[in-house]
Amino acid sequence: MAAKVSKRTRMSAGERREQLIDVARALFAEKGFEATAIEEIAARAKVSKPVVYEHFGGKEGLYAVIVDRELSAISTTVTQALSSSPSPSLVVERAALALLTYIEDSPDGFQILSSSGDRTAGTYSTLLADVAIQVSGILASQFQEHGLDPRTAPLYAQMLVGIVSSPAWWWLENRTMSKEEVAAHMVNLAWNGLRALEAHPQLRETTHPAP
């Protein structure tokens, strides 16, 4: 009786493309763009180098596709979270949870977007600036209602985005708390500060230059 010959299932072009994206995302997150070679991507995906070039034109093209996907994912997540936030406290809470959820679901993607010195740093900063603009609009109306200068809303929006985005990187490396706990502490700092805002804040101690 003749032995059965196992046939290797061939991936479709779409499946191969997704496989290469998954493999490259992990490598870029682990080693960074410069230290990742096209040969390594091909080897881990068990294909030849020409296959990678055929789908993406090279490492730069593959990297650009990954960055675009990650930016789209995080932007959609945060924008949806802020679309119906009625108060500054909920703005911080929902933005924090949205960002932490993205990190939890796509740690490699966040690593790529936010790595220090990475070529996407400017793009990630632009994304945070866009989020700050959305937050600024929400704060401006709240400030107006509470007798605070709405012209300062963009500044406070930048500070709130900083409260959310900077600890997110820490949480990626230190999973000692749940995302809900981290978000609650972010809101604790931001909201308790916002509730006690002074209409005309001044420095408590000013150093005057010597005569």
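This passage walks through a predicted model of a single chain, from its overall make-up to a few individual residues.

Start with the big picture. The chain is built from helices: there are nine of them and zero strands, so the order of elements from the N terminus is simply α-α-α-α-α-α-α-α-α. Of the 211 residues, 39% count as buried. Contacts reach well along the sequence, too. Among those with a separation of 6 or more, 64% are between residues 24 or more positions apart. As for the outside, the accessible surface comes to about 12,500 Å², and carbon and sulfur atoms supply 54% of that.

Two of the helices deserve a look end to end. Helix α4 takes in residues 59-82, which makes 24 residues, and spans 35 Å from first C-alpha to last, close to the expected 34 Å. Helix α8 has 21 residues and covers 31 Å on the same kind of C-alpha count, again close to the 30 Å expected for it. Both carry a good list of buried residues. In α4 these include Leu62, Tyr63, Ile66, Val67, Glu70, Leu71, Ile74 and Val78. In α8 the buried residues include Tyr156, Ala157, Leu160, Val161, Val164, Ala168, Trp171 and Leu172. An α-helix has 3.6 residues a turn, so residues three or four places apart point the same way. With that in mind, the buried set of α4 can be followed through Leu62, Ile66, Glu70, Ile74 and Val78, and the one in α8 through Ala153, Ala157, Leu160, Val164, Ala168 and Leu172.

Helix α6, at residues 107-114, is mostly covered, with six of its eight residues buried. The six are Gly109, Phe110, Gln111, Ile112, Leu113 and Ser114. Two of them, Gly109 and Ile112, turn up again as partners of Arg25, a residue of helix α1. Arg25 has a relative accessible area of 16%, under the 20% cut-off, and therefore counts as buried. Besides those two α6 residues, Arg25 touches Ile66, Glu70 and Asp108, leaving out residues up to four places away in sequence. Ile66 and Glu70 are themselves among the buried residues of α4.

What else does helix α1 hold? Gln19 sits in this helix, which covers residues 13-31, and Arg17 is there as well. Gln19 is a close call: its relative accessibility is 19%, so it lands on the buried side of the 20% line. Beyond its neighbours within four places in sequence, Gln19 is in contact with Met11 and Ala45. Arg17, at 29%, counts as partly exposed. The partners of Arg17, with neighbours within four places again set aside, are His55, Phe56 and Val65. Arg17 and His55 are 38 residues apart in sequence, yet their C-alpha atoms are 6.6 Å apart in space.

On to an annotated stretch. The UniProt record, an unreviewed entry, places a "DNA-binding region" at residues 37-56. In the model that span is 80% helix and 0% strand, and its end C-alpha atoms lie 14 Å apart. Lys46 is found in the loop between α2 (38-45) and α3 (49-56). Most residues other than glycine have a negative phi. Lys46 goes the other way, with a positive phi of about 60°. Lys46 is also out in the open: a relative accessible area of 68% is over the 50% cut-off, which means Lys46 counts as exposed.

Finally, the inside. Rolling a probe the size of a water molecule over the atoms shows where empty space is left. A search of the whole structure turns up one cavity of 30 Å³ or more, and the largest cavity has a volume of about 150 Å³. Its lining is made of 15 residues, with Val78, Ala95, Val131, Val161 and Val164 nearest the centre. The elements giving two or more residues to that lining are α4, α5 (88-105), α7 (121-145) and α8 (153-173). Val78 is one of the buried residues of α4, while Val161 and Val164 are among the buried ones of α8. Helix α7 is also home to Asp130, which at 39% relative accessibility counts as partly exposed. The C-alpha atom of Asp130 is 8.9 Å from that of Ser75, although the two residues are 55 apart along the chain.

Key:
Residues are numbered from 1 along each chain as its sequence is written. This is a predicted model: local features need pLDDT of at least 70, side-chain atom pairs count only at pLDDT 80 or more; totals for chains, interfaces and linings use all residues. Side-chain values use heavy atoms; hydrogens and water are left out. Helices (H or I, at least four residues) and strands (E, at least two) are DSSP runs, numbered from the N terminus. Buried means under 20% relative accessible area, exposed over 50%, partly exposed in between (1.4 Å probe, protein chains only). Contact means heavy atoms within 4.5 Å. Accessible areas come from the Shrake-Rupley method with a 1.4 Å probe; for residues, only the protein chains shown count as cover. The expected span of a helix is 1.5 Å times one less than its number of residues. UniProt positions are given in the numbering used here, feature names are shortened, and annotations may be inferred rather than shown by experiment. On a 1 Å grid over the protein atoms alone, a cavity is a set of points where a 1.4 Å probe fits but cannot get out, and a pocket is an open set with protein on both sides within 12 Å along at least five of seven lines; lining residues have an atom within 4 Å of a point. Grid points are joined across faces, edges and corners, and a volume is the space filled by probe spheres set on the points.
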